[in-house]
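Here are some notes for a colleague who is opening this structure for the first time. They are arranged as numbered points, to be read with the sequence and the model side by side.

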Amino acid sequence: MMKQLFSSTLLGMIFLLICTLISGQSSAPAQAPSGSSGPADIIAVLQKASEFSTFIGLLKSSQVDSLINTQLKKPGNGFTIFAPTDSAFSDLKTGTLNSFTDEQKVALTKFHIIPTFLTIAQFQTVSNPVHTSAGDDFPLNVIGNGTQVNMTTGLVNTTVDSTVYSDGQLAVYEIPQVLLSQGILSPQAPAPAPVPPKPKKASPKSQAPSLSTTSPSVDSSGATGLPQYAPTLVSIGVGVIAALSLFLN
């Protein structure tokens, strides 16, 4: 009798324990799969690699990092980033980066970004020139063979050294040279403002005859000039004298 009672009690306790465990599991929140806590942060990715300090500075100063992280939070968006190493920036001509304007630094940073996610294998099928975030005025040609990626800007020829990060939405590739473009080094000057048309000169009007303002010349001795009819009077006088002479003779 005691054995049956003990067995029944033991079975009841086991049953209650199982029910409790099942109830507890159903009420607990589902755990997110490891590695899917949210979209990647571009700065955190580069800092973990620990050889992209200069490129990180450009991303921050141009605020392009915020644009990337914001877009990564939206479904369907992706980016491919070519990250030059610190050694790549050191290989530039001394003072190159410091001589850039803020606009040039923004263009340089965006020139290293393709606004879509691309794997190494997908570079075999991209259309050249590749569209970067800097715009179509800065051509970038990329050629891949499935395992290696070569690129040229017209000024720089380089390759992808390694994959820094790739998660299906963000791909970061290490490159040993900074991608420079002629459009970045020599940005086009803004178009000059249109020059207002010159006022048309008034056509000269036909002037009415005017009196001369030139004063008649005056002899400094004080003698005045003879009237215009004086020679005629002299001739008449000579004629009269001659006639009288003939009459008297």
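1. Which residue in β5 does N150 stand opposite? The residue that stands opposite N150 is T159, and this may serve as a convenient place to begin reading the model, which is a predicted one. The pairing around it is antiparallel, with strand β4 (residues 149-152) joined to β5 over 3 bridges.

2. These strands belong to an open sheet of 3 strands, set in the order β3-β4-β5, and the pairing within this sheet is antiparallel. Because β3 and β5 (157-159) each have a single partner strand, they stand at the edges, and one side of each is left without a neighbour in the sheet. On average, and with direction ignored, neighbouring strands of this sheet are turned by 20° against each other.

3. A further open sheet is formed by 4 strands in the order β2-β1-β7-β6, and here the pairing is mixed. Its edge strands are β2 (113-114) and β6 (162-166), each of which pairs on one side only. Strand β7 (residues 170-175) runs antiparallel to β6, and 4 bridges join the two; within this pairing, S162 has E174 in β7 as its bridge partner. Helix α4 (residues 64-72) lies across β1 (79-84), β2 and β7, and the direction in which α4 runs is at about 150° to β1.

4. Turning to the helices, two packed helices are described by the angle between their axes and the distance between the axes. For helix α2 (residues 42-49) and helix α3 (residues 53-61), the axes come within 10 Å and cross at roughly 165°, which means that α2 is roughly antiparallel to α3. The crossing of these two helices is left-handed. On the side of α2, the residues that take part are I42, I43, L46 and Q47, and they meet F55, I56, L59 and K60 in α3; sorted by class, this contact has 6 nonpolar, 1 polar and 1 charged residues.

5. The loop between α2 and α3 deserves a separate look, since S50 is found there. Although S50 is not a glycine, its phi is positive, with a value of about 60°.

6. Helix α3 also packs against helix α7 (residues 102-111), at an angle of about 115° and with the axes 9 Å apart. The crossing in which α3 passes α7 is again to be described by its hand, and it is left-handed. From α3, the residues F55, L58 and L59 meet K105, L108 and T109 in α7, and the residues of this contact divide into 4 nonpolar, 1 polar and 1 charged. F55 and L59 thus appear in the contact with α7, and they are also listed in the contact with α2.

7. Among the side chains, the structure holds 4 aromatic pairs. One of them is formed by F82 and F123, whose rings lie 5.9 Å apart from centre to centre with 35° between the planes, so that the pair is described as tilted. This pair links distant parts of the chain, since F82 belongs to strand β1 and F123 to the loop between β2 and β3 (141-144), with their positions 41 residues apart in the numbering.

8. Where is P129 placed? The place of P129 is in the loop between β2 and β3, the loop that also holds F123. A reader checking the backbone there should note that the peptide bond joining N128 and P129 is cis, with an omega of about -5°.

Technical notes
Residues are numbered from 1 along each chain as its sequence is written. This is a predicted model: local features need pLDDT of at least 70, side-chain atom pairs count only at pLDDT 80 or more; totals for chains, interfaces and linings use all residues. Side-chain values use heavy atoms; hydrogens and water are left out. Axes are lines fitted to C-alpha atoms, for helices over the stretch in contact, and angles run from 0 to 180 degrees between N-to-C directions. Angles under 35 degrees count as roughly parallel, over 145 as roughly antiparallel, 65 to 115 as roughly perpendicular and the rest as oblique. A crossing is left-handed if the near helix is turned anticlockwise from the far one by less than a right angle, and right-handed if clockwise. Contact means heavy atoms within 4.5 Å. Ala, Val, Leu, Ile, Met, Phe, Trp, Tyr, Cys and Pro count as nonpolar, Asp, Glu, Lys and Arg as charged, and the others, Gly among them, as polar. Two strands pair if DSSP finds at least two bridges between them. Rings of Phe, Tyr and Trp (its six-membered ring) pair if their centres lie within 6.5 Å; planes under 30 degrees apart count as stacked, over 60 as edge-to-face and the rest as tilted.
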